[in-house]
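Pull up the fold and let's take a walk through one strand and a couple of pockets. Keep the sequence handy as you go.

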Amino acid sequence: MNKSAIIIGVKGLNLSSDEKKLLHEKQPLGVILFKRNVNNPKQILRLTQSIREILGKEAMILIDQEGGRVSRLNKNYWKTYPDANYFGKIAKNNLAKAKRLTYENFKDIGIDLHKLGINFNCAPVLDLKIKGASSVIGNRAFSRDPKIVSQLSLQACKGLLSENVFPIIKHIPGHGRAKVDSHFYLPTIKSSKKVLQEDFYPFIKLNKQPFAMIAHIKYLDLDKEKCATYSKSIISFIKNKLGFEGILFSDDLCMKALKGSYIYRARNAIKAGCDIVLHCEPNISNTKKSCEGAGFASLRLMKKIKELKAFN
C-alpha cells in the first residue's frame, strides 16, 4: 500500500473514528505524540498498538522526549529527566563523566519509549546555546561549545539506539542563533557561513546519524529568499557540504514561521528536498491538506527507511 510522506498528530488519548478513517485513507508513515496523547503507560501502549493495527508494525511513532521542559511523559508515571545543558555544565570540568551520564540518561529514556511502542525520539538538540538568542533553545542545548555538543549528542544517540529507539537530531543546520521563536515567527540569521561553521560543526560530526530535522529559519548567507524548509540550495548544502546522508524531516508545518496553505507548505518542503513532513496539530481537515501536499513516499524513501531500520 502507498504511504504518504508525512507524520501526523492526533487529538487525544485514543484514536477517534474520524482519525482511524484518516489513517486508513491517507496511510501516513506514522504519528507524533504530545502531552495531549499521554496519560499512563497502559493507555499509551493501547494507542500505539491501535496505530500499528492500521499503519502496520513498521509505523514510525515519534515523540519529543528531550528532558527538561521538553518532556511529554508526565512525572506521575515516568522519571523526570534533566535538560541537555545539565550535562554540558558537567562536561566543562569532566567530559568523560558527562559523556557517560548522557549515554545513561538517553538509554533510560529509550527504555521508557520502547516499552510504550514509541520508536523515534525527536532528540537530541545539536543547536548551540548562544547568549542573546531566543529562549526557545536555551537549556535544551548541551553547550555553547560545538565540540561538547558533538560529543554529548553522539552519546545521546547511542543511548537511544541501544534501546531500539531512533534519534532524530535537530535542528539542522542550526537553530542556536535565532533571535525569535520559529513557533511564532520566521527567524532570520544574518551571520556569514564562516561564523556559522560553529553551528554546522555538530551536524557534520553526526552526519552519519540516520534521521535529522530541519529548522524553519532563513539563513541569508545560504539563501536570501527562502527559509531552509523550502530551500533547495540549503538542503543541498546540508547533504553535500555538511554530509548528511540520512532521512530529512521538516519541522512542524503548523508553526507560524511558515506561511501559505498546508498543501503549499507540504508540497514546497518536499519539493525542496525534505523526505518527510510533520503536521502536528490534530485538525483533520488541515491534516488532509498536508497529506495531499506531501504526496506518496517514493520507493527510494521506503527503501532507505528499511535500510536505516536495519542500521539498528
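By class, how many nonpolar, polar and charged residues does the lining of the largest pocket have? The split is nine nonpolar, four polar and 10 charged. Bear in mind that this is a predicted model.

That pocket's lining runs to 23 residues, and Phe34, Asp64, Arg72, His183 and Asp251 are the ones nearest its centre. Strand 8 (169–172) and strand 12 each chip in at least two lining residues.

Strand 12 deserves a closer look. It spans residues 247–252, and six of its six residues are buried. On one pairing, strand 10 (residues 211–214) runs parallel to strand 12 over three bridges, with alanine 212 partnered to leucine 248. Strand 13 (residues 276–279) also pairs with strand 12 in the parallel sense, this time over two bridges; here phenylalanine 249 has isoleucine 276 as its bridge partner. To get from strand 12 to strand 13, the chain passes through helix 8 (residues 262–272), making a right-handed β-α-β crossover.

Now for the second largest pocket. Its lining includes Lys3, Leu29 and Met60, and helix 10 (residues 299–310) gives the largest share, four residues.

Here are the two pockets side by side:

| Pocket | Volume | Lining by class |
|---|---|---|
| Largest pocket | about 410 Å³ | nine nonpolar, four polar, 10 charged residues |
| Second largest pocket | about 190 Å³ | six nonpolar, no polar, four charged residues |

How values were computed: Residues are numbered from 1 along each chain as its sequence is written. This is a predicted model: local features need pLDDT of at least 70, side-chain atom pairs count only at pLDDT 80 or more; totals for chains, interfaces and linings use all residues. Side-chain values use heavy atoms; hydrogens and water are left out. Buried means under 20% relative accessible area, exposed over 50%, partly exposed in between (1.4 Å probe, protein chains only). Two strands pair if DSSP finds at least two bridges between them. A crossover is right-handed if, with the strands pointing away from the viewer, the path from the first strand over the helix to the second runs clockwise. On a 1 Å grid over the protein atoms alone, a cavity is a set of points where a 1.4 Å probe fits but cannot get out, and a pocket is an open set with protein on both sides within 12 Å along at least five of seven lines; lining residues have an atom within 4 Å of a point. Grid points are joined across faces, edges and corners, and a volume is the space filled by probe spheres set on the points. Ala, Val, Leu, Ile, Met, Phe, Trp, Tyr, Cys and Pro count as nonpolar, Asp, Glu, Lys and Arg as charged, and the others, Gly among them, as polar.
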